[in-house]
Every structure is written in C-alpha cells, then in structure tokens.
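Trainee: I am new to this structure and would be grateful for a close look at a single part of it. Could you take me through one helix and its surroundings?

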Amino acid sequence: MSGYRKLGRASNQREAILKNMTTAFVINGKLETTVARAKEISAITEKLVTLAVKEKDNYDTKEITVSSAKLDAKGKKVLITKTSKNGKPYEVVDREVKTKTVQVDKPSRLAARKQMSYWLMKSHDSEGNTVNPVNKMFDEIAPKYVDRKGGYTRVTKIGARRGDGSEMAILEFV
C-alpha cells in the first residue's frame with residue numbers, strides 16, 4: 001500500500017487539487033470537502049505548520065540603504081534639471097536615500113519557505129488583495145501553535161453529499 005490516497009485522479013490532477021485546496025485552507029482557515037481529501041490536506045498542512053513552528057524565529061534583521069524617488073503632494077515624482085557634459089539640460093528624478101530594517105532568513109528557514117512554496121501558491125483573499133500563504137504561515141499560524149506538539153487541524157464529518165452520496169467533512173485549524 002502506498003503512502004497517500006489516490007483520490008481517483010491521475011497524479012498531476014491529484015497534485016493540483018491538493019495544492020489548490022491546501023492554499024485555500026491556509027488562507028481561509030476552514031474548508032469543506034470530502035473526507036478523503038480532508039485527511040490528505042490535513043496531513044500536508046500538519047507537516048507545513050510543524051515546519052513553520054520550528055523555523056518561526058530563525059532570522060536576522062539587517063539595515064539596508066534604499067533609494068526611492070521623492071514625491072510631491074499629488075504623488076508624482078519630483079524632477080530636477082541637470083546639465084550634461086556638452087551643455088544640454090536634462091531632467092532627472094530627485095531621489096532620497098533611507099535606511100530600512102529588513103528580515104533576512106537563515107538557511108534552514110529559507111529551505112522551509114521553499115518546501116512550503118511547493119504546496120502553497122500566492123492567491124487572493126475575499127477582498128481581492130494578494131496573499132502569500134507562506135508568509136501567513138510564519139506570521140499568523142505558527143505563533144498560535146508554538147506550545148502545541150501536533151494536531152493542528154481537525155476533520156469533522158458532516159454527512160453525505162446530496163448529489164453522489166460521498167462522505168463530506170469540514171477541515172479547520174484547532
């Protein structure tokens with residue numbers, strides 16, 4: 001017996017379904033699907049949350065210099081006039097240099113991000129904003145489960161689907 005459910009699909013279709021549903025589950029926190037799919041997504045998500053909890057604080061902060069265009073009151077770039085070597089005037093965008101503190105992942109956290117990005121794809125929330133579920137895992141989900149040793153998800157059976165009678169379940173974070 002193999003280590004996963006085949007879900008009645010070819011491998012590429014099964015992988016696409018699981019990636020999409022795992023992404024939707026991480027973004028929304030709740031998912032209604034068949035029991036077999038819920039158990040498979042639960043197993044995947046458990047591993048991802050464990051990885052996020054383990055690597056949650058494994059980063060350094062670093063100050064970098066950032067150059068950005070100065071903006072006027074209307075939000076347009078401020079231009080200044082300069083003179084070239086042959087005496088012709090030209091306009092250049094006026095820039096300001098700032099120092100900014102950024103978060104730099106250590107190698108093991110970067111590897112964890114890459115593993116998560118295999119299952120989690122950038123998506124949009126209900127308002128249409130772009131959401132990166134990998135960032136959501138590290139910033140929102142992992143801090144909730146720092147003291148927990150496992151069992152981050154719950155599969156609750158809700159009965160048979162009306163159309164084909166397949167057993168349905170709700171998958172949610174504990």
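**Helix 2 and its surroundings**

Mentor: In this predicted model, helix 2, which spans residues 35-54, lies across strand 1, strand 8 and strand 9 and runs at about 20° to strand 9. These strands form an open sheet of three strands in the order 1-9-8, with antiparallel pairing. Strand 1 (30-34) and strand 8 (153-160) are the edge strands, each pairing on one side only. On average, neighbouring strands of this sheet are turned by 25° against each other, direction ignored. Seven bridges join strand 8 to strand 9 (residues 167-173) in the antiparallel sense; within strand 9, L171 is the bridge partner of V155.

One residue of helix 2 deserves attention: K39 has its place in this helix. Its relative accessibility is 36%, and K39 therefore counts as partly exposed, the class between under 20% for buried and over 50% for exposed. Although K39 and T153 are 114 residues apart along the chain, their C-alpha atoms are separated by 9.6 Å.

Helix 2 also meets another helix. Two packed helices are described by the angle between their axes and the distance between the axes. The axes of helix 2 and helix 4 (residues 133-144) come within 9 Å and cross at roughly 90°. The two helices, helix 2 and helix 4, are therefore roughly perpendicular to each other. In this contact, T45, L48, V49, A52 and V53 of helix 2 meet M137, F138, I141 and A142 of helix 4. The residues of the contact comprise eight nonpolar, one polar and no charged.

Definitions and conventions:
Residues are numbered from 1 along each chain as its sequence is written. This is a predicted model: local features need pLDDT of at least 70, side-chain atom pairs count only at pLDDT 80 or more; totals for chains, interfaces and linings use all residues. Side-chain values use heavy atoms; hydrogens and water are left out. Two strands pair if DSSP finds at least two bridges between them. Helices (H or I, at least four residues) and strands (E, at least two) are DSSP runs, numbered from the N terminus. Axes are lines fitted to C-alpha atoms, for helices over the stretch in contact, and angles run from 0 to 180 degrees between N-to-C directions. Contact means heavy atoms within 4.5 Å. Buried means under 20% relative accessible area, exposed over 50%, partly exposed in between (1.4 Å probe, protein chains only). Angles under 35 degrees count as roughly parallel, over 145 as roughly antiparallel, 65 to 115 as roughly perpendicular and the rest as oblique. Ala, Val, Leu, Ile, Met, Phe, Trp, Tyr, Cys and Pro count as nonpolar, Asp, Glu, Lys and Arg as charged, and the others, Gly among them, as polar.
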